[in-house]
2 protein chains.
Amino acid sequence: MPTKGQRTRSAILEHATGLASQLGLTGLTIGHLADELRLSKSGLFAHFRSKEALQIQVLDHAAAKFVDQVVRPSLREPRGEPRLRALFERWLAWDAAQSLPGGCVFAQAASELDDRAGPVRDRLVRLQREWIGVLVTSVGLGVAAGRFRPDADAEQFAQDLYGVMLAFHHAWRLLTDPQAEARARRAFGALLDGIRQTTGDPEDRP
Amino acid sequence: MPTKGQRTRSAILEHATGLASQLGLTGLTIGHLADELRLSKSGLFAHFRSKEALQIQVLDHAAAKFVDQVVRPSLREPRGEPRLRALFERWLAWDAAQSLPGGCVFAQAASELDDRAGPVRDRLVRLQREWIGVLVTSVGLGVAAGRFRPDADAEQFAQDLYGVMLAFHHAWRLLTDPQAEARARRAFGALLDGIRQTTGDPEDRP
DNA sequence: ACCACATACGAACGTTCGTGCTATTATCGC
DNA sequence: GCGATAATAGCACGAACGTTCGTATGTGGT
């Protein structure tokens with residue numbers, strides 16, 4: 001059984017992650033966080049010893065959730081298209097999760113931190129590189145399994161796919177375009193078409 | 001000749017736009033802005049009568065620059081592919097402009113404001129809708145001119161193209177991937193291939 | 001049941017935030 | 001050049017920021 005301090009700390013990080021998805025890691029404020037959790041500012045602060053440490057731990061907490069909800073389940077799918085599709089669909093669900101009222105916390109943090117050097121940015125960069133790496137590897141394994149074209153460019157696919165995700169995030173959350181999700185799925189399909197192995201048989205599964 | 005107040009106000013907005021591209025419209029602070037421009041906080045403040053008004057005027061100022069540097073010159077290109085290519089290339093240059101040290105200020109503001117209701121967000125949404133509208137119209141005119149496929153989905157293309165831009169912004173500014181720009185160009189080419197009119201003659205202009 | 005220690009609180013620190021006043025200086029039409 | 005008006009500075013405010021400190025209360029192993 002975890003000790004009491006560990007429990008409250010988890011609760012803090014969980015709530016902080018949701019708040020950061022809306023307000024960003026800078027807009028995330030210790031006083032505000034303490035109020036919502038009915039803790040004193042100093043009591044909460046004692047768990048982390050600086051705001052920077054809190055921000056980094058929020059990123060790590062979100063990354064652990066992301067692996068649980070998106071990466072790990074998808075890696076149980078067979079290599080090739082099913083796995084890529086799982087990664088994509090689970091990312092969409094992640095971006096719409098109720099525990100992240102502001103959507104993907106990494107997308108929020110990315111544009112917030114891309115110009116602010118420091119340990120928080122460094123951590124985010126590492127996590128984002130790992131995520132892109134998952135996409136690249138997943139394409140590469142599909143190629144190796146003969147399900148994607150041998151000349152498929154995995155890094156190109158990864159950047160393109162992330163673009164589809166970011167465009168959806170933008171069109172949906174800012175512009176509230178009701179068709180954003182349908183378009184994202186079509187774009188994903190078009191991306192897949194570009195790397196799919198073109199065998200002789202004309203069957204294509206919808 | 002513009003009055004003195006108008007001149008300093010322009011200077012303020014110009015500098016504020018660059019600052020907002022790095023720190024966001026919230027991170028943009030009146031005191032910081034005044035220090036850099038060697039103005040007093042209250043003297044600067046008097047030009048706008050609230051921070052919210054300043055933020056909105058920063059958005060408008062940036063939009064005017066965007067139209068000057070990206071939209072208007074591109075609309076002088078012939079309809080179809082040249083115009084779309086101009087819009088894309090000029091957006092890339094806009095995102096890398098030295099006057100915007102943090103990159104496209106709208107990309108920054110978008111993820112910052114997508115969860116904060118209010119007049120600033122409303123203004124940003126309007127501007128972004130106009131920009132997407134330019135893309136949609138440009139595709140539509142290409143279709144009408146017979147240079148793009150009649151069944152081309154302009155809204156789909158617009159969302160996809162904006163995804164390419166956002167993915168570039170992300171991969172370049174946060175991950176500092178040196179190949180981000182080359183990949184963005186390849187992705188743009190692939191997008192164009194999807195709507196290009198497939199005439200009988202096999203000539204394709206590079 | 002006790003005691004060492006982890007956990008939380010309340011108050012205060014110095015800064016910075018946005019926003020009002022009032023006074024002084026600069027501009028510009030006549 | 002004068003005089004009305006615009007433009008800027010100076011100062012102060014209440015609130016919120018991250019952070020520190022001393023102190024109280026609770027937990028958990030023995």
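Let's start with the pair of helices called α6, one from each chain: α6(A) and α6(B) are oblique to each other. Please keep in mind throughout that we are looking at a predicted model. The axes of these helices come within 9 Å and cross at roughly 140 degrees. Why call that oblique? Angles over 145 degrees would count as roughly antiparallel, and 65 to 115 as roughly perpendicular, so roughly 140 degrees falls among the rest, which are oblique. As for handedness, α6(A) passes α6(B) in a left-handed crossing.

Which residues meet there? On the chain A side you'll find A:Ala107, A:Gln108 and A:Ser111, and they meet B:Ala107, B:Gln108 and B:Ser111 of chain B. By class, this contact holds two nonpolar residues, four polar ones and no charged ones.

Now let's step back to the whole contact between the chains. Chain A brings 34 residues to it, and chain B brings 34 residues. On chain A, the elements that each supply at least two residues are α1 (4-27), α6 (105-113), α7 (119-144), α8 (154-173) and α9 (180-195). And which helix gives the most? That would be α8(A), with eleven residues. Sorted by class, the side of chain A that touches chain B has 13 nonpolar, 13 polar and eight charged residues.

How do the two copies relate? In general, two copies of a chain are related by a rotation about an axis and a shift along it. Here, a turn of 180 degrees with a shift of 0.0 Å along the axis lays chain A on chain B, with an RMSD of 0.0 Å. The two copies are thus related as by a two-fold rotation axis. If you want to find that axis on the screen, look for A:Gly163: of the residues of chain A, A:Gly163 comes closest to the axis, its C-alpha being at 2.1 Å. The copies also meet through the same surface, because 100% of the interface residues of chain A are interface residues in chain B as well.

Finally, let's turn to the DNA. DNA strand D is surrounded by 23 residues, and the closest are A:Thr29, A:Gly31, B:Gly5, B:Ser42 and B:Gly43. Both chains take part: the elements giving two or more residues to this surface are α2 (30-36) and α3 (41-45) of chain A, along with α1 (4-27) and α3 (41-45) of chain B. What is the make-up of the surface near DNA strand D by class? There are four nonpolar, 13 polar and six charged residues.

That's my tour, and thank you for listening!

How values were computed. Residues are numbered from 1 along each chain as its sequence is written. Chains are lettered from A and ligands numbered from 1 in the order in which they are written. This is a predicted model: local features need pLDDT of at least 70, side-chain atom pairs count only at pLDDT 80 or more; totals for chains, interfaces and linings use all residues. A residue is near a molecule or strand if its C-beta atom, placed from the backbone, lies within 6 Å of it. Helices (H or I, at least four residues) and strands (E, at least two) are DSSP runs, numbered from the N terminus. Ala, Val, Leu, Ile, Met, Phe, Trp, Tyr, Cys and Pro count as nonpolar, Asp, Glu, Lys and Arg as charged, and the others, Gly among them, as polar. Copies are superposed by least squares on the C-alpha atoms of residues with pLDDT of at least 70 in both. Two residues are in contact if their C-beta atoms, placed from the backbone, lie within 7 Å. Axes are lines fitted to C-alpha atoms, for helices over the stretch in contact, and angles run from 0 to 180 degrees between N-to-C directions. Angles under 35 degrees count as roughly parallel, over 145 as roughly antiparallel, 65 to 115 as roughly perpendicular and the rest as oblique. A crossing is left-handed if the near helix is turned anticlockwise from the far one by less than a right angle, and right-handed if clockwise.
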